[in-house]
Amino acid sequence: MRAPSTRAWVGRLSVLCLMLLVPRSAFAYFFNEHEIIGNAAMQRFVRGGGSPTSPFWQLLPLTYDTGTAAYAFPYLSRYRSSIGYGTINALSGDHSVSPLALQEHLLTPNSRILRVIALQRQFAASHFSSAPDGQLAKLDPEYLKLAIRNQSHFYLYGKGANEHLTAFDPADVDRLLNPAEAQEVMHRLHGTNALNAYVTIHAAAIRLAEMAGRASDETAAKEWLYYAFLYNGFADHFLQDAFSSGHLLVKRTMFSMLVNNKALHDFYSRHGTRVVNANGEIWTAFGDDTFNQPHDGYLSNRSLRAVSYPPLTAEAERVVTAVTASLADLADAFERARTNAERPLGETTNAPS
Ligand SMILES: [Zn+2]
């Protein structure tokens with residue numbers, strides 16, 4: 001066996017240094033956590049949906065996969081990997097830069113993304129939230145690059161909701177629907193923050209659902225609706241990230257990333273932080289690798305009969321509820337456009353002004 005050259009060792013060491021500093025502190029929920037959240041939300045959305053005979057539900061681009069017990073995209077599942085809504089959530093931003101890049105990787109035999117999914121499923125079967133970073137980086141070199149470049153998994157340190165949305169450009173919503181321009185817009189969004197990334201890509205998904213509702217033939221409606229779900233799946237990755245405590249209070253700059261980002265991120269993720277929403281509800285949010293954990297909640301009960309373990313903790317329930325509401329926006333946009341088809345395209349968008 002030939003010994004690795006000095007250059008190869010330097011390469012390996014720099015990858016190791018980057019892995020110690022960047023991944024896991026760069027992404028919010030881990031792969032299998034994103035997948036569980038997205039699949040649970042999709043199941044709730046479909047099962048709580050309107051009349052199964054209405055056009056929206058007839059055109060739904062997902063079918064129930066009894067093997068994985070989740071709704072999956074048949075179109076994206078051609079290479080023996082069942083691609084659920086949660087799978088799209090998990091890969092977005094962490095392994096793919098855009099919805100269209102992700103689509104292409106899923107439809108390419110032996111792609112790095114298909115290998116990542118296969119690896120993550122092995123670890124999920126053993127109850128890990130994710131495969132180890134080293135194995136992921138080996139399969140997918142983009143993983144490390146995105147960890148460094150993509151800031152949009154995080155909130156802006158010390159800023160309010162409005163300040164997060166100053167980066168929002170309504171023109172980006174249209175540009176995201178143009179395959180030749182979408183990649184450039186996504187690169188720009190990756191330099192902003194979780195709220196702006198979510199709002200912009202979600203607005204594009206709503207626009208696509210409207211186009212489906214307004215389409216005059218079923219083939220076009222089906223196609224637009226499929227893209228609406230693909231884009232929304234990408235957007236919901238950042239919505240899910242916005243609930244992770246490790247991503248609320250960490251100042252993301254290249255310098256702070258090297259000195260204290262990871263330690264702070266891990267601290268807040270593990271020990272939680274008190275948060276409040278616009279409705280005045282207060283709770284302790286936890287972060288990566290802690291999704292749906294009860295955090296010794298039984299210690300606050302004074303009766304054995306009060307100890308309970310529902311399928312989702314109250315905290316997990318909030319994330320799944322948010323993603324379900326995000327999906328419901330697509331159904332609303334579709335129905336609104338269908339019943340108001342005389343309106344010009346785009347006029348009914350929910351994009352913030
Ligand atoms: Zn993320």
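**Figure 1. Overall view of the predicted model, with 15 helices and four strands in the protein chain.** The model is predicted. The protein chain comprises 353 residues, of which 43% count as buried. Among its contacts with a separation of 6 or more, 71% are between residues 24 or more positions apart.

**Figure 2. Confidence along the protein chain, with a mean pLDDT of 86.** A pLDDT of 70 or more is reached by 85% of the residues. Residues 9-22 stay under 50 throughout, and the model gives this stretch 14 contacts beyond four places in sequence. The pLDDT is also below 50 over residues 344-353, a stretch with 22 contacts beyond near neighbours in sequence. Where pLDDT is low, the detail of predicted coordinates should not be read.

**Figure 3. Close-up of helix 2 (residues 31-47) against helix 13 (residues 218-241).** The two axes come within 11 Å and cross at roughly 115 degrees. Helix 2 is therefore roughly perpendicular to helix 13. The crossing in which helix 2 passes helix 13 is right-handed. On the side of helix 2, the residues that meet helix 13 are His 34, Ile 37 and Gly 38. Helix 13 contributes Gly 233, Asp 236, His 237 and Gln 240 to these contacts.

**Figure 4. Close-up of helix 2 against helix 15 (residues 314-339).** These helices pack with their axes 8 Å apart, at an angle of about 55 degrees. Helix 2 and helix 15 are therefore oblique to each other. Helix 2 passes helix 15 in a crossing that is right-handed. From helix 2, the contacts involve Ile 37, Gly 38, Ala 40, Ala 41, Met 42, Arg 44 and Phe 45. Their counterparts in helix 15 are Val 319, Val 320, Val 323, Thr 324, Leu 327 and Ala 328. Ile 37 and Gly 38 of helix 2 also meet residues of helix 13.

**Figure 5. Close-up of Ala 40, a residue of helix 2.** Ala 40 is buried, because 22 other C-beta atoms lie within 10 Å and the cut-off for burial is 20 or more. Ala 40 is among the residues of helix 2 that meet helix 15. Between Ala 40 and Gly 86 the C-alpha to C-alpha distance is 8.0 Å, although the two are 46 residues apart in sequence.

**Figure 6. Close-up of the hairpin of strand 3 (residues 273-276) and strand 4 (residues 282-285).** The two strands run antiparallel and are joined by four bridges. Val 275 has Trp 283 of strand 4 as its bridge partner, and Val 276 stands opposite Ile 282 in strand 4. Five residues lie between the strands of this hairpin, where Gly 280 takes a positive phi near 80 degrees.

**Figure 7. Close-up of two loop residues with positive phi, Ala 69 and Arg 80.** Most residues other than glycine have a negative phi. Ala 69 has a phi near 55 degrees and lies in the loop between strand 1 (63-65) and strand 2 (70-72). With 11 other C-beta atoms within 10 Å, Ala 69 is exposed. The phi of Arg 80 is near 60 degrees, and Arg 80 is placed in the loop between strand 2 and helix 4 (85-91). Arg 80 is likewise exposed, with 7 other C-beta atoms within 10 Å. The cut-off for an exposed residue is 12 or fewer such atoms.

Technical notes
Residues are numbered from 1 along each chain as its sequence is written. This is a predicted model: local features need pLDDT of at least 70, side-chain atom pairs count only at pLDDT 80 or more; totals for chains, interfaces and linings use all residues. Two strands pair if DSSP finds at least two bridges between them. pLDDT is the predictor's confidence in each residue, from 0 to 100. Two residues are in contact if their C-beta atoms, placed from the backbone, lie within 7 Å. Axes are lines fitted to C-alpha atoms, for helices over the stretch in contact, and angles run from 0 to 180 degrees between N-to-C directions. Angles under 35 degrees count as roughly parallel, over 145 as roughly antiparallel, 65 to 115 as roughly perpendicular and the rest as oblique. A crossing is left-handed if the near helix is turned anticlockwise from the far one by less than a right angle, and right-handed if clockwise.
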